[in-house]
Amino acid sequence: MSRFALVLLCFSLASCTELYYKAQEKIGNEKRDILVDRIKKGREDQEKAKEQYKTTLEAFQAATGFKGGQTEEVYKKLKKSYDEAAGRTKTVSDRITSIEQVSSDMFSEWEKELSGMKNGELRNKSNVMLKATRRRYTELLRKMKAVEAKAKPVVKAFDDQVLFIKHNLNAEAITSLKSNVIKMDADVQILIRDIEISMKEADAFIASLPPGS
């Protein structure tokens with residue numbers, strides 16, 4: 001993509017975002033409301049991803065009990081479960097990106113509005129709220145990003161094992177799961193713990209967000 005095309009794309013995206021905000025304002029939704037909505041949806045996405053990681057791990061654990069039969073059927077089941085886990089992971093990542101976008105715009109707007117306030121006492125109080133909100137948001141984002149980072153190697157491990165079975169399609173390939181599923185289990189449990197921490201942080205952030213910011 002040329003630099004000119006990239007500039008046009010950025011301008012187009014920025015214009016679309018601004019139009020979106022204006023449309024939301026017309027129905028009473030400020031950037032704060034949009035941020036809260038996206039964080040709530042991000043929490044839901046993490047919950048769904050958590051359940052899918054559990055389901056995928058269980059599919060791999062069940063496959064270790066393979067005692068003969070159609071190895072291709074085992075592969076297809078594991079591939080389907082992996083695809084669903086990968087899809088949930090991407091949804092979470094996309095949601096984080098959307099949260100970062102609106103939070104950045106919200107904080108920028110807040111700072112701009114502060115600079116226009118003439119009442120020094122009210123401006124200082126609002127500035128204190130801004131700093132506190134930004135600190136809490138930064139911590140929330142850190143936890144969400146930590147989940148995103150830990151999910152990638154977990155999903156990659158699922159992918160590697162599925163590909164290995166695909167390349168061999170024999171009982172020995174499925175038996176190889178036994179030596180890997182223990183580590184998979186440990187990694188998934190850590191990931192689930194971090195997801196639950198992130199979800200609690202999202203709840204706390206939403207509860208603490210001052211109205212009308």
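This passage describes how helices α2, α3, α4 and α6 pack in a predicted model, together with its confidence and its salt bridges.

The model is a prediction, and its mean pLDDT is 90, with 92% of the residues reaching 70 or more. Over residues 4-11, however, the pLDDT is below 50, and beyond near neighbours in sequence this stretch has 2 contacts in the model.

Helix α2, which spans residues 31-63, packs against helix α3, made up of residues 71-115, at an angle of about 160°, and the axes of the two helices are 8 Å apart. Angles over 145 degrees count as roughly antiparallel, and α2 and α3 are therefore roughly antiparallel to each other. The crossing of these two helices, α2 and α3, is left-handed. When the residues in the contact of α2 with α3 are sorted by class, 16 are nonpolar, 11 are polar and 11 are charged.

Helix α2 also packs against helix α4, in this case at an angle of about 25° and with the axes 12 Å apart. Because angles under 35 degrees count as roughly parallel, α2 and α4 are described as roughly parallel to each other. Here too the crossing is left-handed, as α2 passes α4. On the side of α2, the residues that take part are Ile39, Gln46, Tyr53, Thr56, Leu57 and Phe60, and they meet Leu140, Met144, Val147, Ala151, Val155, Phe158, Gln161 and Val162 in α4. In this contact of α2 with α4, 11 residues are nonpolar and 3 are polar, while no charged residue is found.

Helix α4, formed by residues 120-168, packs in turn against helix α6, formed by residues 177-208, with an angle of about 160° between them and with their axes 9 Å apart. By the reasoning applied to angles over 145 degrees, α4 and α6 are therefore roughly antiparallel to each other. As α4 passes α6, the crossing is left-handed. The contact of α4 with α6 comprises 18 nonpolar, 5 polar and 8 charged residues.

Turning to charged side chains, the structure holds 24 salt bridges. Side chains of opposite charge can pair when their charged atoms come close. One of the salt bridges joins the side chains of Asp37 and Lys41, for which the distance from N to O is 3.2 Å. Asp37 and Lys41 both lie in helix α2 and, because they are 4 residues apart in that helix, they are separated by about one helical turn.

Methods. Residues numbered from 1 in each chain as written. Predicted model: local features only at pLDDT ≥ 70, side-chain atom pairs only at ≥ 80, totals over all residues. Heavy atoms only, no water. Axes fitted to C-alpha atoms, helices over the stretch in contact; angles between N-to-C directions. Parallel < 35°, antiparallel > 145°, perpendicular 65-115°, else oblique. Left-handed = near helix turned anticlockwise from the far one by under 90°. Nonpolar A, V, L, I, M, F, W, Y, C, P; charged D, E, K, R; others polar. pLDDT = per-residue confidence, 0-100. Contact = heavy atoms within 4.5 Å. Salt bridge = Lys/Arg side-chain N within 4 Å of Asp/Glu carboxyl O.
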